[in-house]
Amino acid sequence: MGDVLSCGFGSDAWSSGRLAVAVWNAASGAESKYKHGARKTDAAHEFADECAVVICPESDRDNTQAFRGEGYSTIKPIKGVQIFYWHQVLETAGSPRSIEMAGTGRKGTAVSQLFRHKTSGEHVLITGVHAGHYNHSSGLVNGTDRQGLQVAAEAMEQIRKLQYDMLSNYMADKVVIGGDFNELGDLIRADRERWMPLPKDTSGKPLLRHCRGSIHSTKTLKSCEVSADLIWVGGGSIDTSAVQDHKVRRCRTTKAKLMAATTSAC
């Protein structure tokens, strides 16, 4: 646990209308060996150097204090996921919305907030996800677990509808979604077009141009063997060549595999 993904709109979060967004799993609900490996103060300090937004599944009080101690603001917390942001870079536009996601066992949560970038004036919708569970990935991917697939499809539609509803009154220039997708991550990996978590229009086509996502080529959660943590971006003027995976070292521990993915440009 403790995986990191970053979706960067350029290399500098503080200038030229650029924005860097990260996903970090704080592992507060994990097994103790993973929970204790998540160095929250180190992570908050690491992201404060470059990331204006951090989507944080499995956040808790200690994690919130660590990020606030680095100057981050937070939208109204929801159980399971938080969004931390720099108020010097972004201002909220409207109120956040949150939902409970379907699950075969534990249900999931998602929270969405529209921001305005103070330098560029562009609007960016950012959604954080901590999905529920949908039985074992192998049965989902090979199609034998029909009940799990049905619930997983319901959860994905809930994620898309949350974003679609947030965009009903104001179309954002960019849309970013990231977090801990649990077994949904393996479904996305197996069929990116069908399971893409970005919003779709009424005909089932992507609502945004240039939809791109990053997902690990290896399993991110060894405890349950799923490709869980990922981040997607859609909108105009996206530099798709910048989508890649790389390691983030400073807040790495022996129990936490830290990865990152970057994509471009506001």
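1. Start with Glu91, which sits across from Arg116 of strand E8. Glu91's neighbourhood here is strand E6 (residues 90–92), joined to E8 by three bridges, and the two run antiparallel. For the terms: strands (E, at least two residues) and helices (H or I, at least four) are DSSP runs numbered from the N terminus, and two strands pair if DSSP finds at least two bridges between them.

2. A word on what we are looking at. This is a predicted model, where local features need pLDDT of at least 70, side-chain atom pairs count only at pLDDT 80 or more, and totals for chains, interfaces and linings use all residues. Residues are numbered from 1 along each chain as its sequence is written, and side-chain values use heavy atoms, with hydrogens and water left out.

3. Back to E8 and its other partners. Strand E7 (residues 97–101) pairs with E8 in the antiparallel sense through five bridges, with Arg97 bridged to Ser112 of E8. E7 and E8 make a hairpin that has six residues between the strands. Strand E9 (residues 123–130) is also antiparallel to E8, over eight bridges, and in that pairing Ser112 stands opposite Thr127 of E9. The E8 and E9 hairpin has five residues between its strands, and Gly121 takes a positive phi there, near 80°.

4. Is E8 enclosed or open? Nine of the ten residues of E8 (residues 108–117) are buried, so the strand is largely enclosed by the rest of the structure. Buried here means under 20% relative accessible area, exposed means over 50%, and partly exposed lies in between (1.4 Å probe, protein chains only).

5. Strand E2 (residues 19–24) is worth a look too: six of its six residues are buried, so it is largely enclosed by the rest of the structure. In a regular strand the side chains alternate between the two faces of the sheet. In E2, Leu19, Val21 and Val23 point one way, Ala20, Ala22 and Trp24 point the other way, and all are buried. E2 pairs with strand E3 (residues 53–57) in the parallel sense over three bridges, and Val21 stands opposite Val53 of E3.

6. Just ahead of E3, Ala52 lies in the loop between H2 and E3. Ala52 counts as buried, because its relative accessibility is 0%. Its C-alpha is 5.4 Å from that of Tyr85, although the two are 33 residues apart along the chain.

7. Now the helices. Two packed helices are described by the angle between their axes and the distance between the axes. For helix H2 (residues 40–48) and helix H3 (residues 61–69), the angle is about 35° and the axes are 8 Å apart. Axes are lines fitted to C-alpha atoms, for helices over the stretch in contact, with angles from 0 to 180 degrees between N-to-C directions. H2 brings Lys40, Thr41, Ala44 and Phe47 to the contact, and H3 brings Asp62, Asn63, Ala66 and Phe67; contact means heavy atoms within 4.5 Å.

8. Cysteines: which of them are worth checking for a disulfide (a pair of cysteine sulfur atoms within 2.5 Å)? The structure holds zero disulfides. Cys51 counts as buried, because its relative accessibility is 3%, and Cys56 is buried too, with a relative accessible area of 0%.

9. Two asparagines deserve a glance at their backbones. Most residues other than glycine have a negative phi, and most peptide bonds are trans. Asn135 has a positive phi of about 75°; it lies in the loop between E9 and helix H4 (137–141) and is partly exposed at 35% relative accessibility. Asn182 also has a positive phi, of about 45°, and its place is the loop between strand E10 (174–180) and helix H6 (184–190). Asn182 is buried, at 3% relative accessibility.

10. Tyr164 belongs to helix H5 (residues 146–166) and is partly exposed, at 34% relative accessibility. Beyond its neighbours within four places in sequence, Tyr164 is in contact with Pro199, Lys200, Asp201, Thr202 and Leu207. Tyr164 and Lys200 are 36 residues apart in sequence, with their C-alpha atoms 7.5 Å apart.

11. Last, the overall tally. The protein chain has seven helices and 14 strands, and 56% of its 266 residues count as buried. Of the contacts between residues at least 6 apart in sequence, 66% join residues at least 24 apart.

Note on methods:
Disulfide = S-S within 2.5 Å.
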